Structure formats: C-alpha cells, structure tokens
Amino acid sequence: MLPAPRLLVVAAAVLCFSLCSSLLLGAEAKVRHYDWEISYQHKSPDCFEKLAVTVNGEAPGPTIHATQGDTIVVTVHNKLETENTAIHWHGIRQIGTPWADGVAGVTQCPILPGETFTYRFVVDRAGTYLYHAHYGMQRVAGLNGMIVVTVPKGVWEPFGYDDEHTVLLEDWWHKSVYDQATGLSAKPFVFVGEPQSLLINGRGMFNCSTSTGSCNNSHPDCALPTQFTFVPGKNYLLRIGSLTSLSSLSFEIEGHSMTVVEADGHYVRPFVVRNLFIYSGETYSVLVKADQDPRRSYWATSHIVGRNASSTPSGKAVVSYAGNDPRRTPPTVPTTGPAWDNTAIRVEQSRAIVAHPGYVVPAPARADRTLLLLNTQNNINGHIKWTINGVSLHFPATPYLVSMKHGLTDAYDQRPPLDTYDHRGHDISAPAPTNGTIGSPVYRLAFDSVVDVVLQNSNMLNDKSETHPWHLHGHDFWVLGHGDGKFDPAADAWRLLNVKDPIMKNTVPLHPDGWTAIRFHANNPGVWLFHCHVEAHVFMGMGVVFEEGVERVGRLPSSIMGCGHSKGLH
C-alpha cells in the first residue's frame with residue numbers, strides 16, 4: 001500500500017531538513033574547546049551561604065554555545081580534593097562516542113580528585129540541552145548548566161524571533177548533599193525534605209530572618225533577582241531547562257502568554273500556555289511577545305507542583321522592559337501559580353505536546369519487544385529503596401560499558417531483569433507487598449530493534465503517588481501516550497496511543513496514578529541508563545540499564561578505565 005499523500009509531504013519535509021542540515025554541517029562544523037576546573041566554593045545563590053560545586057568558580061556553570069555538527073571538547077580538572085566527579089551531557093545522543101556520556105558506573109570510571117579527564121563529542125541535533133554531574137547525588141550541589149545548539153546558516157526553523165534568553169530552573173537545599181545522601185541510606189530513613197528555595201539562573205530569594213545560618217539578604221549573589229530585558233514589540237525565544245533535583249515546576253511570566261515551539265530538541269505543533277509545566281531533565285523553547293505596558297516590569301516565577309511544598313517560596317525573576325530602572329521590582333505581588341495538586345491540567349499539557357506537522361519523524365509501526373516497568377517503593381533489609389519490577393538498581397564498581405565490551409561477566413548481575421510484572425494481580429493503589437532485591441542487571445536489546453516501554457506508577461509506602469520524570473540516555477524516543485490508572489496490554493489501551501504525530505523527547509513525566517508509553521529504536525551501540533531524574537529516586541535505585549550492539553562499539557579509551565575490574569585494562 002502506498003503512503004498517504006500527507007505523509008509523503010511530511011516525510012519529504014523532514015528529509016529535506018535533514019539533507020540540507022547535513023550538507024551544511026561539513027562546511028561549517030567547528031571544534032569548540034572548554035577548560036573547566038571543578039571545585040567547591042562558598043556561594044549564596046539564595047542569600048544563604050553554603051558550599052557549592054562550581055565550574056570555574058561559578059554555579060550554575062557557563063552555557064555552552066555551538067552549531068549543529070560542531071565537536072565539543074571539555075577538559076575537566078577535578079579540584080574537589082576529596083570527591084570524585086563525572087559530567088553527563090543531557091540530551092546529547094553520543095552517537096559513536098558512548099564513553100563520553102558521563103555516567104560514573106555506566107560509561108566511565110569517576111574522575112578522581114586531582115585528575116583530568118577530557119570529553120569529546122559531536123552535537124548532532126539543534127536544540128536546547130543540559131549538562132550536570134552524574135556521580136552520586138552531586139547534581140544537588142550545583143554542578144550543572146545549559147547547552148544551546150543552533151541550526152547551521154542557511155537552515156531555517158519553523159518560527160522566528162528577534163532575540164533569545166536562557167532560563168535555567170533549579171531547586172536548592174541548605175543541607176549539604178552529604179547530609180541528604182546519608183539520610184536516604186540510613187536506618188531509619190530520612191528523606192531530603194522540600195527545598196528551601198527555587199532558583200532562576202542561579203538566583204533565589206530566601207528570607208534570612210527565618211534562618212539560623214550564615215544568611216545575608218544584601219549579598220551580591222542574591223540582592224537582585226535574575227533579570228531578562230525585553231524591548232517593546234520584539235519577539236523573544238526563551239530556552240527553558242529544568243535541573244531540579246526533586247521538584248516539578250510551573251513557570252510563567254506575569255501578563256505574557258508563551259507559545260511552545262520546541263521540546264528536548266524537537267519542534268512541536270505550537271500551542272499557547274500561561275503556565276508551562278516542566279519536569280526535571282526537560283527543556284522547552286517558547287516564544288514571548290513583548291506586548292505589555294513598557295513603563296513597568298513583570299514577574300517571571302517558578303512554582304512547585306505535584307508536591308505540597310508550601311514552605312518553599314516561589315522562584316522569582318524580573319522581566320524588565322528596556323529603558324526602565326533595572327533595580328526597580330514590579331509593582332505587583334508575584335503570581336502564585338496553579339494549584340499544586342491539579343494533576344489533570346498537567347496531564348492535559350503533556351498530551352498537547354505533539355510533533356510539528358512539518359517535522360514529524362515517523363514512528364515504527366510496531367515494536368519488537370515490550371517492557372512493562374512498574375516502579376514501587378520497598379523496604380529492603382531496613383533500607384527504603386525504589387525498585388523497577390522488583391529490582392533496585394545499584395551501580396557496579398566496574399562501568400557496564402567496560403565490563404560488557406571486555407566480557408567481564410563477574411562485574412555485574414548476569415540474571416536478566418523481568419520484562420513485565422504481575423499487571424493483573426498488582427494493586428497500584430497499595431504499597432508494594434514484597435521487599436524486592438538490590439542488583440545490577442542489564443536489559444540486553446537486539447541491535448536495531450524497536451522497543452516499547454510502558455512506565456507504570458504505583459503508590460509509595462505512604463500510600464501516595466508522585467510524578468517521576470524519566471530520562472533515556474543515548475536516544476530520543478517517541479512519546480506514545482499518557483494514561484490514568486493501570487495499563488492493561490490485553491485490553492484496548494493500545495488504541496489510546498499516538499502513532500500519527502508523536503513528539504520525540506529524551507525526558508518524559510510519569511504522572512501520579514497513571515502510566516506513560518514510549519517507543520525507541522535501539523540503534524546506538526553502547527550501554528545506556530534509563531532512570532527517574534529525581535536525584536533522590538535514582539540514588540535509591542529507580543532506574544534500569546539497556547545494552548545494544550556493544551560489540552559494535554570501537555576501542556574504548558583507556559581514560560574511562562581504572563576502577564573495579566578495569567584496573568588492569570588501561
């Protein structure tokens with residue numbers, strides 16, 4: 001059967017965009033070098049002074065700017081003195097360079113104190129991306145930043161704008177990352193609690209009158225909120241990324257609507273929002289028209305949703321129209337945002353995100369393998385853990401990529417994890433009835449196969465269900481759908497899935513009391529982590545590991561070895 005005419009047009013448009021981009025990449029591609037010193041510094045991002053992990057003395061780190069097809073070379077000097085590190089390039093697929101994904105225990109040994117490590121990779125797709133620490137819970141301490149990849153000259157995007165701003169959203173604790181990690185591992189269990197502040201481009205506004213620590217509301221790090229300057233009548237592209245460690249957020253600009261045009265590096269069918277719901281690990285580009293009264297400024301705010309975090313003040317920045325005094329705050333009270341417990345409007349927005357009609361990447365018609373992954377919270381030998389199909393992920397001492405490439409079968413669990421769970425008998429509204437196990441198994445995927453993953457949420461030990469943003473390394477995936485309750489593969493749930501114009505992403509939310517279905521092509525040789533992007537949750541075991549075509553991976557750099565069973569290989 002011949003494809004429908006509309007599909008031919010869409011396919012032609014996507015092919016033309018890809019070919020035009022490819023033809024221009026070779027002529028214009030550059031090698032961009034960065035030299036980073038990672039160290040602890042005393043910082044006061046929300047006026048409370050504490051140690052933060054910095055890049056060249058700054059937190060967040062510098063934004064990496066590149067053009068599609070460029071090679072990025074980042075030389076990392078670990079000056080943390082007593083702490084390892086590794087940096088993940090979030091959303092960069094690492095085609096041909098799986099060892100540069102930057103995940104300690106999966107793709108490399110950690111970078112030891114005093115050592116230097118160089119990441120080298122190609123940014124093959126235009127869009128907005130992120131980078132952050134991927135060692136223990138180090139991301140909580142501030143090692144993160146943004147990556148902006150523009151299209152080559154002569155390639156046009158399906159929208160126009162006059163100027164752009166980057167917007168990095170974070171949550172921030174006054175308690176150290178060591179305190180948080182120790183509590184999560186302790187008997188009895190101590191959760192990290194709600195953040196003390198929300199940051200926008202590294203700045204927050206904590207009320208020092210409530211603090212007993214070193215806090216100064218006139219400190220230059222926090223005395224003025226982050227400011228974005230608008231010129232009346234101009235159109236702005238805001239590249240928004242979330243690297244929260246716990247919080248799901250709503251972002252809005254007082255008096256201004258936002259048109260969503262891109263998600264995780266893929267163009268979306270434009271839609272207008274007042275509040276943009278964004279989950280940890282996601283990026284969005286939105287268009288904003290500077291069409292309000294230019295004689296005053298406006299609040300840009302972030303608010304926690306999905307959790308009752310009334311003790312955490314909203315994040316605040318200021319949109320200042322050119323010509324106004326930049327030190328003058330808006331004359332209004334900052335917006336409070338939508339109800340934190342309104343799950344329905346968040347699911348509605350997730351379902352509204354579909355591919356731009358001119359840039360649909362057709363999803364394969366069917367999958368070769370389907371994984372039904374149930375997350376449960378379990379008490380395992382007195383420790384509170386997250387498990388997937390009964391297994392809480394523990395990173396081995398030898399990176400999976402090294403052990404699987406070199407046949408070190410005793411370095412990780414050989415028993416394969418389960419493809420499914422008892423979806424007929426399991427009650428997702430009740431805490432897990434079994435304890436589960438801790439392990440390091442691997443899903444071995446047939447190379448070039450198509451894999452469907454259905455993420456199934458369930459209640460925690462406290463009888464509540466939370467949002468879990470899931471991030472897949474090394475791939476973009478098609479988001480097929482979001483549903484309420486329990487996914488039943490034997491019923492008509494598959495009819496709810498979108499295979500017409502699904503958006504491609506690298507991070508997607510699993511909403512409370514529901515399920516999320518994705519499809520991806522296992523065609524990137526390597527070993528890849530798939531995990532909840534809530535830092536405490538992955539620390540507690542909420543993730544799985546995929547291997548595909550590892551035998552096709554080239555010779556591994558000796559620089560990623562030296563730990564566990566890889567000590568004699570480099």
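This is a short tour of the chain, going from its overall build to its cores and then to a handful of individual residues.

**The whole chain**

Keep in mind that you are looking at a predicted model. The chain holds 5 helices and 32 strands. A compact globule of 570 residues would have a radius of gyration near 25 Å, and the chain comes in at 23 Å, so the two agree. If you lay the C-alpha trace along its principal axes, it spans about 65 × 65 × 50 Å.

Buried residues account for 58% of the 570 in the chain. Take the contacts with a sequence separation of 6 or more: 79% of them link residues 24 or more positions apart. On the outside, the accessible surface adds up to about 22,300 Å², and carbon and sulfur atoms supply 53% of that. As for charge, there are 43 positive and 51 negative ones, and their mean positions sit 2 Å apart.

**The cores**

In soluble globular proteins, nonpolar side chains tend to be buried together. Here, the largest nonpolar core has 117 residues, and the members touching the most others are Trp89, Tyr119, Val453, Phe530 and Phe546. Another core, of 12 residues, lies apart from that one, and it includes Leu374, Val454, Phe487 and Trp515.

Phe530 is a good place to zoom in. Setting aside its neighbours within four places in sequence, its contacts include Val453 and Phe546. Leu373, Leu455, Trp470, His471 and Leu472 are also among the residues touching Phe530, and so are Ile518, Gly543 and Val544.

**Loops around E11 to E14**

Three loop residues in this stretch are worth a look. Pro232 sits between strand E11 (226-230) and strand E12 (235-242). Next, Ser245 is in the loop that links E12 to strand E13 (248-253). His256 then falls in the loop between E13 and strand E14 (258-263).

Is Pro232 buried or exposed? Neither, quite: with a relative accessible area of 41%, Pro232 is partly exposed, because that class runs between 20% and 50%. Beyond residues up to four places away in sequence, Pro232 touches Ala290, Pro294 and Tyr321. Its C-alpha is 43 Å from that of Gly514, which is 282 residues away along the chain.

Ser245 has a relative accessible area of 6%, so it counts as buried. Its contacts outside the four-place window include Arg139, Val140, Asp171 and Trp173, along with His533, Val534, Glu535 and Ala536.

His256 goes down to 1% relative accessibility and is therefore buried. Which residues does His256 touch, not counting those up to four places away in sequence? They are Phe230, Arg274, Val288, Lys289, Asp291, Gln292, Tyr298 and Tyr321. Tyr321 also turns up in the contacts of Pro232. Val288 is 32 residues from His256 in sequence, with 7.0 Å between their C-alpha atoms.

**A histidine on the outside**

His42 belongs to strand E1 (residues 31-43). With 55% relative accessibility, His42 counts as exposed, since the cut-off is over 50%. Leaving out neighbours within four places, His42 is in contact with Glu49, Lys50 and Leu51. Val151, 109 residues away in sequence, is 38 Å from His42, C-alpha to C-alpha.

**Backbone oddments**

Some backbone angles deserve a check while you have the model open.

| Residue(s) | Feature | Angle |
|---|---|---|
| Ala59 and Pro60 | cis peptide bond | omega about 0° |
| Lys187 to Pro188 | cis peptide bond | omega near 0° |
| Asn381 | positive phi, not a glycine | phi near 55° |
| Asn389 | positive phi, not a glycine | phi near 50° |

Where do the prolines sit? Pro60 is in the loop between strand E2 (50-55) and strand E3 (64-67). Pro188 is in the loop from helix H2 (177-185) to strand E10 (197-200).

The asparagines are in loops as well. Asn381 lies between strand E20 (369-380) and strand E21 (383-388), while Asn389 lies between E21 and strand E22 (391-393). In terms of cover, Asn381 is exposed at 63% relative accessibility, whereas Asn389 is buried at 10%.

Key:
Residues are numbered from 1 along each chain as its sequence is written. This is a predicted model: local features need pLDDT of at least 70, side-chain atom pairs count only at pLDDT 80 or more; totals for chains, interfaces and linings use all residues. Side-chain values use heavy atoms; hydrogens and water are left out. Helices (H or I, at least four residues) and strands (E, at least two) are DSSP runs, numbered from the N terminus. Buried means under 20% relative accessible area, exposed over 50%, partly exposed in between (1.4 Å probe, protein chains only). Contact means heavy atoms within 4.5 Å. The radius of gyration is taken over C-alpha atoms; the globule rule is 2.2 Å times the number of residues to the power 0.38. Accessible areas come from the Shrake-Rupley method with a 1.4 Å probe; for residues, only the protein chains shown count as cover. Lys and Arg count as positive and Asp and Glu as negative; His and the chain ends are not counted. The place of a charge is taken as NZ of Lys, CZ of Arg, CG of Asp or CD of Glu. A nonpolar core is a set of buried Ala, Val, Leu, Ile, Met, Phe, Trp, Tyr and Cys residues joined through side-chain atoms within 4.5 Å.
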